[in-house]
Amino acid sequence: MSISQETSRRWQMLAITVVIGLLIWLLAPVLMPFAVAAMLAYLGDPLANRLERLGLGRTLAVSIVFVVLILAIAAALLLLVPLIVRQIENLVDNFPHYVEWGRDKALPWLQVRLHLDPNAFDTDRLMAELKAHLGSIGSVVGKISRSSISVVVWMTNLVLIPVVWFYLLRDWDRLVAWIDRMLPRSVQPTVAHLARESDAVLGAFVRGQLLVMLALAIYYGGTLTLVGISVGPLIGMVAGLLSFVPYLGFITGFGAAIIASLVQHGDWTHLLMVIGVFVIGQLLEGYVLVPRLVGEKIGLHPVAVIFAVLAGGYLFGFLGVLLALPAASVILVLLRYLAERYKLSDLYTEEGTPDTVLAEVIVSEDQHGDIHARTRVADEGSEPHKP
């Protein structure tokens, strides 16, 4: 293949990639149910493949997996929705106690320890602004809930997700094979290798991390309830949900549980028990759950996780937040591949000729505080001179 043909082929592939990315960006508002359905199909495909290996047909295997997962999701919603409602009602009822504790105990303690101006915190003004914002949020939610368009969109998504999920799960293998056949033959081996590696990373992350989040939510919610924290289940769910960012779930849950313990009980016994719950939870996450369920295949830095979530939300809204971490995992695989290609390229391996003139700049300060710069030629050993 000539250089011009190779350049033309690369431009064509770049144009196709740009068009696909532009279409995804333009269609992001309507892609949410399809993205959710694709994620559910990806999670259910290994189960359907196992049933196929036992002798069942693809449609029957998919139907069994689909019905089981639908029943599991429905049971979880029936269990969680009333629990979340009760916990939020409990939090709202006890909100005045939290405000009173913050005004009478927390803020004076901070003012004494940090030597702050007693007039720096105007609690009455802060509470008035908080109530105003809460009222505005409530009015917005009320308008949205009364909007016929939002109801229609919500109902449409609710119906679309299981339908698209079933058909994607049934035809998942054929869809993957079709994509493989449509790839340019020149890049098919590379893309297939990266796809297999991405599948291993996504399998470790999506399935493993979901199990870690579920286990931590159950542990924190259950143990905090046993300790005597009335909003323990709500704190546990939040801590488990945020645990996909390392230490974020722990810090958020620990801070919320400490405040709840001080407001509700205000003694050292419950405070120490809450500390013990989170210390054990952190050890359980770091030494048992993550190594066994997720492993070390992901390697995403906490800063990269936070950036992926924020960038995904900014570019694609809720869809971007939903797909941020899976996309970041795939991008990590691509970056590793590009790094290996770079290390094998002439740009990295070719050694340059040594520079015969290496100028060393010496910066000094005299007794009057003036800055002076001098240079000398390193390979000649000449005396420094002023420029």
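Reader: How much area does the chain expose, and what share of it do carbon and sulfur atoms supply?

Author: The chain exposes about 25900 Å², and 70% of that is supplied by carbon and sulfur atoms. Accessible areas come from the Shrake-Rupley method with a 1.4 Å probe, and for residues only the protein chains shown count as cover. Please keep in mind that this is a predicted model: local features need pLDDT of at least 70, side-chain atom pairs count only at pLDDT 80 or more, and totals for chains, interfaces and linings use all residues. Residues are numbered from 1 along each chain as its sequence is written, and side-chain values use heavy atoms, with hydrogens and water left out.

Reader: What does the secondary structure of the chain come to?

Author: There are 14 helices and two strands. Both are DSSP runs numbered from the N terminus: helices are H or I with at least four residues, strands are E with at least two.

Reader: Why is Gln188 called buried?

Author: Buried means under 20% relative accessible area, exposed means over 50%, and partly exposed is in between (1.4 Å probe, protein chains only). Gln188 has 17% relative accessibility, so Gln188 counts as buried. Gln188 is found in helix 8 (residues 188-227), and a polar contact of 2.7 Å joins its side chain to that of Asp180. Such a contact is a pair of N or O atoms within 3.5 Å; within protein, one must be able to donate a hydrogen and the other to accept it, and residues adjacent in sequence count only if both atoms are side-chain atoms.

Reader: What makes Ile218, also found in helix 8, exposed rather than buried?

Author: Its relative accessible area is 57%, so Ile218 is exposed. The C-alpha atoms of Ile218 and Gly240 are separated by 7.9 Å, although these residues stand 22 apart along the chain.

Reader: How do you know that the reach of helix 8 is close to the expected one?

Author: The expected span is 1.5 Å times one less than the number of residues. Helix 8 has 40 residues, for which 58 Å is expected, and its first and last C-alpha atoms lie 57 Å apart. Just after helix 8, Gly228 takes a positive phi of about 115 degrees.

Reader: Is Glu285 buried or exposed, and what makes it so?

Author: With a relative accessible area of 12%, Glu285 is buried. Glu285 lies in helix 11 (residues 268-294). Leaving aside neighbours within four places in sequence, Glu285 is in contact (heavy atoms within 4.5 Å) with Leu216, Ser243, Val290 and Pro291.

Reader: Which residues have the most contacts inside the largest nonpolar core?

Author: They are Ala41, Val65, Trp165, Leu169, Ala308 and Leu325, in a core of 23 residues. Helix 2 gives the largest share of this core, five residues. A nonpolar core is a set of buried Ala, Val, Leu, Ile, Met, Phe, Trp, Tyr and Cys residues joined through side-chain atoms within 4.5 Å.

Reader: How many aromatic pairs does the structure hold?

Author: The structure holds ten. Rings of Phe, Tyr and Trp (its six-membered ring) pair if their centres lie within 6.5 Å; planes under 30 degrees apart count as stacked, over 60 as edge-to-face and the rest as tilted.

Reader: Why do Phe166 and Tyr167 count as a pair, and what kind is it?

Author: The ring centres of Phe166 and Tyr167 are 5.6 Å apart and the planes stand at 80 degrees, so the pair is edge-to-face. Tyr167 itself is partly exposed, with a relative accessible area of 46%.
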